[in-house]
Amino acid sequence: MALIETNDGLWFHEDLYPEISCGFRVSAVLHRERSAFQDILIIDTPVLGKVLVLDGIVQCAQKDEAIYHEMLAHAGMFLRLTLAPAATGLEVLVVGGGDGGMARECLKHARVARITVVDIDPGVRAAMLAHFPELPAGAYTDPRLTAVDADAVGFVREQRNRFDLIIADTPDPVGAALPLFGREFVADCHAALKAGGVFVRHGGSLLLQTDEFFRTRADVVATFGPERTRAGLLATCTYLGGWFTWLSAVKNTPHPEGEPALRDMRARFEQAALDVRWYSPEMQLASQVLPEWLADIEPNSSRRNDIS
Ligand code: SAM
């Protein structure tokens, strides 16, 4: 489906769900390619600006990508800084994330010494640099960044007690990305973190991928522990379904929260003087205030469908 020529010009319709789709007018097709792994499409649109699409599924759009990238990257960074105030030379791993948006945000932190972006498809990076360079915004020329063209499953399995922060910036759990959602992969990420290290990932659309969210959270809770895991909600116009979920978890240490965490992260946020469009520590904590039926972490809770 994806690109459709109509009487009203060229439109894009997302292929993610069989029964519901999001569409927007296309002003230009900037890049189209079948890489060894997936269909890569970059379009320009009047409302959302440039949009990266993989296998017919929207990954990020200029209009609202900051909401997703800033929240996951800075929540992860400030949680880590709160837990390790004296740490210098922080080491970050981005799983997937070949578009460069997550790396761009992490690199805003002066205390990051090294960031590794492991994406299976070098074609995504090449296409972004050629046709959508506003999104990585120089991340790939930062000497602190190393790009690894590999399946993240094998890469992560070989790491031990190395990273301060791991962000799983994965697509939906289909194809090569499917193993990035299993409990085994979460356990490998846990092993790859230092004690007090932070794991962040998205959990899909709350209302359209409810089972995926509950499964993903159950995997993270089973690995890190309930008192070390928090879920949050954010909203963007390009991820269909209203609320989009994200998770943060801490290795071997209770998850910072409440007033003390907020005070600490606010002080660090002001010190860091980040150039951001969406993130603040208050937004982070507010994002993790959930309706009661959702805050119940029992995976088989009978309250899980309270919204429908
Ligand atoms: N923010 C996006 C979202 O949730 O829609 C995802 C961002 S990023 C474009 C996802 C990246 O994961 C893609 O570039 C894809 O090539 C990569 N990817 C998929 N499977 C992978 C795997 N097994 N190992 C490493 N990278 C993978």
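## Exercises on a predicted two-domain model

Asn252 lies in the loop between β14 (243-250) and α7. The structure is a predicted model, and the exercises below begin with this residue.

### Exercise 1: two asparagines in loops

Determine the sign of phi at Asn252 and at Asn161, and classify each of the two residues as buried, partly exposed or exposed.

Solution. Begin with Asn252, whose phi is near 65°, a positive value in a residue other than glycine. For the burial of Asn252, count the C-beta neighbours inside 10 Å: there are 14 of them, and Asn252 therefore counts as partly exposed, since that class lies between the limits of 12 or fewer for exposed and 20 or more for buried. Turn next to Asn161, which is placed in the loop between α4 and β11 (163-169). Asn161 is not a glycine either, yet its phi is positive, at about 45°. The count for Asn161 is 11 other C-beta atoms within 10 Å, so Asn161 is exposed.

### Exercise 2: the two domains and their contact

State how the chain is divided into domains, and describe the side of domain 1 that touches domain 2.

Solution. The domain assignment gives domain 1 (2-61) and domain 2 (65-305). Taken over C-alpha atoms, the centres of domain 1 and domain 2 are separated by 25 Å. The contact involves 22 residues of domain 1 and 20 residues of domain 2. On the domain 1 side, the elements that give two or more residues are β4 (28-34), β5 (39-45), β6 (49-54) and β7, and of these β7 gives the most, with five residues. By residue class, this side of domain 1 divides into 15 nonpolar, four polar and three charged residues.

### Exercise 3: a residue in β7

Is Cys60 buried or exposed, and which residues does Cys60 contact beyond its neighbours within four places in sequence?

Solution. Cys60 is part of strand β7. With 26 other C-beta atoms within 10 Å, a count that satisfies the limit of 20 or more, Cys60 is buried. Once neighbours within four places in sequence are left aside, the contacts of Cys60 are Leu52, Glu65, Asp99, Gly101 and Leu135. As a distance check, the C-alpha atoms of Cys60 and Thr141 are 21 Å apart in space, with their positions 81 residues apart in sequence.

### Exercise 4: the shell around the ligand

Describe the residues around the ligand by their number, their class and the domains that supply them.

Solution. The ligand is surrounded by 23 residues, and the closest are Gly96, Gly98, Asp121, Ala152 and Ala177. Two or more residues of the shell come from each of β7 (57-61), β9 (112-119) and α4 (152-157). The shell divides into 12 nonpolar, six polar and five charged residues. Finally, both domain 1 and domain 2 contribute, each with at least three residues.

### Exercise 5: the packing of α1 and α7

Why is helix α1 described as roughly perpendicular to helix α7, and which residues of the two helices meet?

Solution. Two packed helices are described by the angle between their axes and the distance between the axes. For α1 (residues 65-83) and α7 (residues 258-272) the angle is about 105°, and the axes are 10 Å apart. Because angles of 65 to 115 degrees count as roughly perpendicular, α1 is roughly perpendicular to α7. In the contact, Phe78, Leu81 and Thr82 of α1 meet Ala261, Asp264, Met265, Arg268 and Phe269 of α7. These residues divide into five nonpolar, one polar and two charged.

### Exercise 6: a buried helix face and a strand residue

Identify the buried residues of α3 and the elements among their cover, and then give the environment of Glu91.

Solution. In helix α3 (residues 122-131), the buried residues are Gly123, Val124, Arg125, Ala127 and Met128. Their cover includes β4, β5, β6, β9 and β10 (145-149). Glu91, in turn, lies in strand β8 (residues 90-96). Glu91 has 18 C-beta neighbours inside 10 Å and therefore counts as partly exposed. Residues up to four places away in sequence not being counted, Glu91 touches Ala113, Arg114, Arg162, Phe163 and Asp164. The C-alpha atoms of Glu91 and Pro143, which are 52 residues apart along the chain, are separated by 13 Å.

Technical notes
Residues numbered from 1 in each chain as written. Predicted model: local features only at pLDDT ≥ 70, side-chain atom pairs only at ≥ 80, totals over all residues. Near = placed C-beta within 6 Å. Helix = DSSP H or I, 4+ residues; strand = E, 2+ residues; numbered from the N terminus. Nonpolar A, V, L, I, M, F, W, Y, C, P; charged D, E, K, R; others polar. Domains from an automatic or database assignment. Contact = placed C-beta atoms within 7 Å. Axes fitted to C-alpha atoms, helices over the stretch in contact; angles between N-to-C directions. Parallel < 35°, antiparallel > 145°, perpendicular 65-115°, else oblique.
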